[in-house]
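Biologist: Could you take a close look at one part of this model, and then follow the connections that lead out from that part? I would like the reasoning behind each assignment to be spelled out where it can be.

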Amino acid sequence: MSETLEVIKERRSIRAFKDEQIKDEELQAILEAGLYAPSAMNEQSWHFTVIQNAELLKKFTQTAKNTFAKSNIDQLKSMANNDKYKVFYNAPTAIIISGNVKATNTEADTAAATENILLEAKALGLGSCWIGSMPFIFGNGNNADFKKELGIPEGYNPINSIALGYAAAENAKAPARKEHKVNIIK
């Protein structure tokens, strides 16, 4: 089995992190992996915002909870009322992946960049979790002032995010893959 396939099979979502901040060289390698993701028409339509400031990460959670409380979605309302809920699971680093609203396929572009980041994090021995709540937090013009505070460029919307740090526990093994998910036509 190739090293790449091994990393893919071993990567799991981590939701418990050590307090220790990741190293700058690890962060740079992770960001480089994201920058080299494929993109539609090579538009490279993503923008990465890295947050390593503990107070800003707390503010992010409070902003999310305030927004979720106004939602019509029961699961989001439940998270808003959960005292233990933290958007990034107390990870010391968060990466927000925003996409250019005028790009050909920004959702696919940002997803590819997100996956590259997750795989490089695993290859470096870091834990990570793909957080999918950005469209709920920033969609429909929500939290525009906070988006500006985060330095997200005009014309970009947060689409994905990643909690990143050193895992506080060992990974669980991947569950068995479901059957009948591939057709091969020759």
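**From a loop into the sheet**

Modeller: Asparagine 90 counts as exposed because its relative accessibility is 53%, where the class begins at over 50%. The model is a predicted one, and the values that follow should be read with that in mind. Asparagine 90 sits in the loop that runs between α4 (74–80) and β2, and its backbone has a positive phi of about 65° although the residue is not a glycine. Methionine 41 also combines exposure with a positive phi: its phi is near 55°, again in a residue other than glycine, and its relative accessibility of 71% is why methionine 41 is classed as exposed. The loop that holds methionine 41 lies between α2 (24–35) and β1.

These two loops border β2 and β1, which brings us to the sheet. The sheet is open and has four strands in the order β1-β2-β4-β3, with antiparallel pairing. Because β1 (46–51) and β3 (127–131) each have a single partner strand, they stand at the edges, and one side of each is left without a neighbour in the sheet. From one strand to the next, the twist averages 25°.

An edge position in the sheet should not be read as exposure to the surroundings in the case of β3, since four of its five residues are buried and the strand is therefore largely enclosed by the rest of the structure; buried here stands for under 20% relative accessible area. The partner of β3 is β4 (residues 156–165), and the two pair in the antiparallel sense over five bridges. Within this pairing, glycine 127 stands opposite glycine 165 in β4, while cysteine 129 stands opposite alanine 163 in β4. Helix α5 (residues 106–123) packs on the sheet, where it touches β1, β2 (93–100), β3 and β4, and its direction makes about 10° with that of β4.

Away from the sheet, charged side chains make further connections, and the structure holds two salt bridges. Side chains of opposite charge can pair when their charged atoms come close. Lysine 58 and glutamate 55 form one of the bridges, with their closest N and O atoms 3.5 Å apart. These two residues are separated by about one helical turn, because they are three residues apart in helix α3 (residues 54–69). Lysine 58 is exposed, its relative accessible area being 55%, and glutamate 55 is exposed as well, with a relative accessible area of 55%.

In the bridge between glutamate 149 and lysine 59, the N to O distance is 2.5 Å. Since glutamate 149 belongs to helix α7 (residues 144–149) and lysine 59 to helix α3, this pair ties together parts that are 90 residues apart in sequence. Glutamate 149, with a relative accessible area of 44%, is partly exposed, and lysine 59 is partly exposed at 36%.

A last surface feature is nonpolar: Met1, Leu5 and Ile8 form a patch on the surface with about 300 Å² of accessible area together. Methionine 1 lies in the segment before α1 (3–10), and its relative accessibility of 67% is the reason that methionine 1 counts as exposed.

Note on methods
Residues numbered from 1 in each chain as written. Predicted model: local features only at pLDDT ≥ 70, side-chain atom pairs only at ≥ 80, totals over all residues. Heavy atoms only, no water. Patch = residues over 30% accessible without salt bridge, like charges linked within 9 Å, V, L, I, M, F, W, Y side chains within 5 Å. Areas by Shrake-Rupley, 256 points an atom, 1.4 Å probe, with all protein chains shown as cover. Salt bridge = Lys/Arg side-chain N within 4 Å of Asp/Glu carboxyl O. Buried < 20%, exposed > 50% of the residue type's maximum accessible area, 1.4 Å probe, protein only. Pairing = 2+ DSSP bridges. Axes fitted to C-alpha atoms, helices over the stretch in contact; angles between N-to-C directions. Contact = heavy atoms within 4.5 Å.
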